[in-house]
Every structure is written in C-alpha cells, then in structure tokens.
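This report describes selected strands, sheets and one pocket of a protein model. Please keep the sequence and the structure in view while reading.

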Amino acid sequence: MCFGYAQNLKNLKRINLESYFTNPVVSPNGKFALLTNQHFKGVYLLNLNSQEIQLITDKEGSGYAYTWNEKSNSFYFKQKNENEFFYNSKTYSYSILDQTIEELPEINANYLPSFKGLKENDEDNIVVFTNLNTLQIFARNLLTQEDWIVTQDDGQFYNALLSHDGKKVAVHKGADIYIYDINGQKEGIKIGTGIATSWSPNDDYLIGFLDQSTDGHTIENSEIYLFNPKEYRPKKITNTEVISEMFPSFIDENTILFSDDKTGRIFTFNIK
C-alpha cells in the first residue's frame, strides 16, 4: 500500500447530515457507520449509501467504544440509566435485520470495543480491556474465562484496540501508542503519538489522529496520521487549519470516514 501526503484533502466528500456528529465507526462491509453526538451522547446508525441516519439510543455516554460484529448485521454499545455511574453501564446489541435492542448481561461493558460477538466453538473469542485496578491491559478468552496480562511493562494503559486477526493490540500510554502481541510475551513497540482509532482491513496499518492545544484544554486543531504497527514511522496525511480531523475509520483499504471536531460534519476521504 502506498500513501501520499494529502494536505489539500483531495477526493474529500461530505456526508449530507444536518446535526453535529462525531466518532464514526464503519462496519466491516463498509456499508454502515455508527455515529454519536457531542460528549458521546447517543448512538446513530448511518447508511453510507443512502446517507439516511437512524437514532438507536439517546443515552449519555452510549457513543463511546461501540463496535460491530464481523458480519456487519449487529453492533454493540453500552449505556447506563440516568441515576447510574458510567462504570455501571451494561452492554447491548442491536440487530439491523430485526431492528431490535437486546441486553447482554454476560458481556462486561469494559470489553468494548474489542467484543465482536460470541462465536461458538471458536478459540478466538478473545477480548482486551483495561483492568481498572491496575490500569494494565488484560486479555480474556470468553469461552474459558482465562485472563492474562498483555502489557507487562510499567505504566498506565488505556484504549486497547485489537487487530482484526486477534494477534496484535494497539494500546495507549500517556500520549503515545504501542503495539503488543496478544499473548503478552513481548515488550511493546512504540509506533507514534496520538490516538489510534482503526486498524486497516488487512491489519497492515492503523489510522488515528493527533490533536493540538496550546493551553492543554482547548483543542485548536487535529490531523490524521497513519501508523506502521511494526515500527516507529508515523505519516501525517492531513495538514489543514480549516478542518479539525478526528476519529478516522477505514471504509476499505484506501478510504476512510472521519469527523470534523469544529463543525461536527462527517467526511469520506481517499488516502491513497
């Protein structure tokens, strides 16, 4: 795969939506995307072909860490009741075919977004999550309930992102991104700085963003980066002041969906 710099954002196309949306997560088949409002309030289902959008839930915090199953016919999200704390959130599934929501009491909400649905008689029912007591990244086999530590190094880790083949985990430590083997037997490899948000369909790359702030509170701008999971070789692929690019998600090997933090608009962009 060969990428060029895209300072002018060629092939940029806006999705025709009227409200503020962010954090797009594209389905594996590239036909749908999950969206949320500011502060991760609500879950919306976007049809990328018709650009029709449907509200699934309006709960606060439900738009964080949602994820798809491999067949793209269901997705998973978490939500809490109004008088509960976020750590009391429960996991729910939504069926696109039946248009029904079902609670999954056996799935800890902390397993999202690595949970892709239970697969019977499959040894690869692995999820990764942050242990809230140690702030290390753990893996768990949902069939055997076996746990093990992925991040053997010192530090506080968050936002674990499991590769499609289940062999690698992108994790965040401070402002940096590291790659670990799922078995936890090797040291992490630093691959860049920022927030990684999506593995490419063949796991050759990760994509993410790096925001910029002078006071440490207000985000002034943000750009998209490609990360090589094998070494420190980040590539900046946007360089604009008008658009604040965040939360990129792969539609296919060459196309991404991302949100503009300044306006809440959603765009597709050819990164090749």
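In this predicted model, strand S8 (residues 90–95) pairs with strand S9 (residues 100–108) in the antiparallel sense, over five bridges. Within this pairing, serine 95 has threonine 100 of S9 as its bridge partner. Four residues lie between the strands of this hairpin, and glutamine 99 takes a positive phi near 55° there. As general background, the strands of a sheet pair through backbone hydrogen bonds, and the pairing is either parallel or antiparallel.

Three antiparallel pairs of strands are set out below.

| Strand | Partner strand | Bridges |
|---|---|---|
| S8 (residues 90–95) | S9 (residues 100–108) | five bridges |
| S14 (residues 168–173) | S15 (residues 176–181) | six bridges |
| S22 (residues 255–260) | S23 (residues 266–270) | five bridges |

The pair S14 and S15 belongs to an open sheet of four strands, with the order S13-S14-S15-S16 and antiparallel pairing. Strand S13 (157–162) and strand S16 (189–193) are the edge strands, and each of them pairs on one side only. On average, neighbouring strands of this sheet are turned by 30° against each other, direction ignored. Between S14 and S15, lysine 173 has aspartate 176 of S15 as its bridge partner.

Strand S15 also contributes to a pocket. It supplies three residues to the lining of the second largest pocket, which is the largest share. The volume of this pocket is about 300 Å³. It is lined by 18 residues, of which Lys168, Ile179, Asp203, Pro229 and Lys230 are the closest to its centre. By character, the lining consists of nine charged, six nonpolar and three polar residues.

The pair S22 and S23 lies in another open sheet of four strands, in the order S1-S23-S22-S21, again with antiparallel pairing. Strand S1 (13–14) and strand S21 (245–250) stand at the edges of this sheet; each has a single partner strand, and therefore one side of each is left without a neighbour in the sheet. Between S22 and S23, phenylalanine 258 has phenylalanine 267 of S23 as its bridge partner.

Threonine 255 is placed in strand S22. Is threonine 255 buried or exposed? Its relative accessibility is 19%, and residues under 20% count as buried, so threonine 255 is classed as buried. Apart from neighbours within four places in sequence, threonine 255 is in contact with Ser249, Phe250, Phe269 and Asn270.

Conventions
Residues numbered from 1 in each chain as written. Predicted model: local features only at pLDDT ≥ 70, side-chain atom pairs only at ≥ 80, totals over all residues. Heavy atoms only, no water. Pairing = 2+ DSSP bridges. Helix = DSSP H or I, 4+ residues; strand = E, 2+ residues; numbered from the N terminus. Axes fitted to C-alpha atoms, helices over the stretch in contact; angles between N-to-C directions. Buried < 20%, exposed > 50% of the residue type's maximum accessible area, 1.4 Å probe, protein only. Contact = heavy atoms within 4.5 Å. 1 Å grid on protein atoms, 1.4 Å probe; cavity = no way out; pocket = protein on both sides within 12 Å on 5 of 7 lines; lining within 4 Å. Points joined across faces, edges and corners; volume = space filled by probe spheres on them. Nonpolar A, V, L, I, M, F, W, Y, C, P; charged D, E, K, R; others polar.
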